[in-house]
Amino acid sequence: MSSESKKNNYSREELVYLSKIYNHAELFKESIDFIKEFSISNPKLSKEECDIIATVFKNMISDKRTSWFTLNSMERKEKKKKINTVKEIKEIKNHIETEIREACNKLQELLDKYLLPNNDDDDILVFLYKLKADYFRYICEFAEGKEYSENLSKAEENYKKAYDMADKKLPIINCNRVSVALNYAIFLYEIKKDKKAGFEVAQNTFKESMKFVEDLEKPKFRDTLLIIQLLKENIIFWNSEMSDEEEVKMSE
């Protein structure tokens, strides 16, 4: 692995390239080290560099989040059966939570110290505020008490900042704009449990974007169209879920 002294000899372009190489090798901690180096070297980001940062951090914690949800389900089942392995499952969960926190904190430090203060492009800023909100949301998935409430508040603050900025500064078919709407809606519906608000954010964005369906069919808007499809799927599922809940309430 490269030492700090070797990192200092690389150009910014080489640091960006090496962050991609280490990501492909699934050496995510090392990739993040190179991301930090090129961010310090020049915090002004291109779209490609935004994608690199998002991809590396997502790859680093994606499997950990999946493992945590699996273990959490196993823990609930074993508690009901009163099986003795619950303690070990909880210890593994705690270990995974620590690793997720560390990754989230690394990204927050990168955003606060280097990236947010030094980028002024509206599209990039919307992306960065959404990213910041996402990594507060991920901690909310397992946090409790004060940790949960603090991360919930920070996630909502940054989603709202990204969402409002996108609404004012970016066209409705911009990929970052619809991506913010999707993640903000998920946060409201699944984390904050404000299902009505989450549903409305998703539905309003979907309706507005459908006014430009002809543009969305162009190849350059492929990524936007994929996110809009996810919005549609969530709208259908959430509408069905809320209807079922309403029927249950009426029958009680």
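User: Helices are DSSP runs of H or I with at least four residues, strands are runs of E with at least two, and both are numbered from the N terminus. In what order do the elements of the protein run from the N terminus on?

Analyst: This is a predicted model, in which local features need pLDDT of at least 70 and side-chain atom pairs count only at pLDDT 80 or more, while totals for chains, interfaces and linings use all residues. Residues are numbered from 1 along each chain as its sequence is written, and side-chain values use heavy atoms, with hydrogens and water left out. The secondary structure comes to eleven helices and zero strands, and from the N terminus the elements run α-α-α-α-α-α-α-α-α-α-α.

User: What percentage of the 252 residues of the protein count as buried?

Analyst: The C-alpha trace spans about 70 × 55 × 30 Å along its principal axes. Buried means under 20% relative accessible area, exposed means over 50%, and partly exposed lies in between (1.4 Å probe, protein chains only). Of the 252 residues, the share that counts as buried is 44%.

User: Among contacts between residues at least 6 apart in sequence, what percentage join residues at least 24 apart?

Analyst: A contact here means heavy atoms within 4.5 Å. Among the contacts in this protein whose residues are at least 6 apart in sequence, the share that joins residues at least 24 apart is 67%.

User: Are H6 and H8 roughly parallel or roughly antiparallel to each other?

Analyst: Helix H6 (residues 122–140) and helix H8 (residues 175–191) pack at an angle of about 20 degrees, with their axes 10 Å apart; axes are lines fitted to C-alpha atoms, for helices over the stretch in contact, and angles run from 0 to 180 degrees between N-to-C directions. Angles under 35 degrees count as roughly parallel, those over 145 as roughly antiparallel, those from 65 to 115 as roughly perpendicular and the rest as oblique. H6 and H8 are therefore roughly parallel.

User: Which residues in H8 are met by residues of H6?

Analyst: The H6 side of the contact consists of Asp-123, Val-126, Phe-127, Lys-130, Asp-134, Arg-137 and Cys-140, and these meet, in H8, Asn-176, Ser-179, Val-180, Asn-183, Ile-186, Phe-187 and Ile-191.
Counted by class, the contact of H6 with H8 has seven nonpolar, three polar and four charged residues, where Ala, Val, Leu, Ile, Met, Phe, Trp, Tyr, Cys and Pro count as nonpolar, Asp, Glu, Lys and Arg as charged, and the others, Gly among them, as polar. The H8 residues asked for are thus Asn-176, Ser-179, Val-180, Asn-183, Ile-186, Phe-187 and Ile-191.

User: Which residue forms a salt bridge with Asp-134?

Analyst: A salt bridge is a side-chain nitrogen of Lys or Arg within 4 Å of a carboxyl oxygen of Asp or Glu, and a search of the whole structure finds 22 of them. The partner of Asp-134 also lies in helix H6, three residues away, about one turn of the helix, and both residues are buried. With the closest N and O atoms 3.5 Å apart, that partner is Arg-137.

User: How many residues apart in sequence are the parts that Lys-169 and Asp-122 tie together?

Analyst: The side chains of Lys-169 and Asp-122 meet in a salt bridge at 3.8 Å, N to O. Lys-169 is partly exposed, with a relative accessible area of 49%, and Asp-122 is partly exposed as well, at 25%. Because Lys-169 lies in helix H7 (residues 145–169) and Asp-122 in helix H6, the distance in sequence between the parts that the pair ties together is 47 residues.

User: Which helix holds Lys-195?

Analyst: Glu-241 forms a salt bridge with Lys-195, the closest N and O atoms being 3.8 Å apart. Glu-241 lies in helix H11 (residues 222–251), so the pair ties together parts that are 46 residues apart in sequence, and the helix that holds Lys-195 (residues 195–209) is H9.

User: Where is Glu-26 found?

Analyst: Phi of Glu-26 is near 60 degrees, a positive value in a residue other than glycine. Most residues other than glycine have a negative phi. Glu-26 is exposed, with a relative accessible area of 60%, and its place is the loop between helix H2 (12–24) and helix H3 (28–41).
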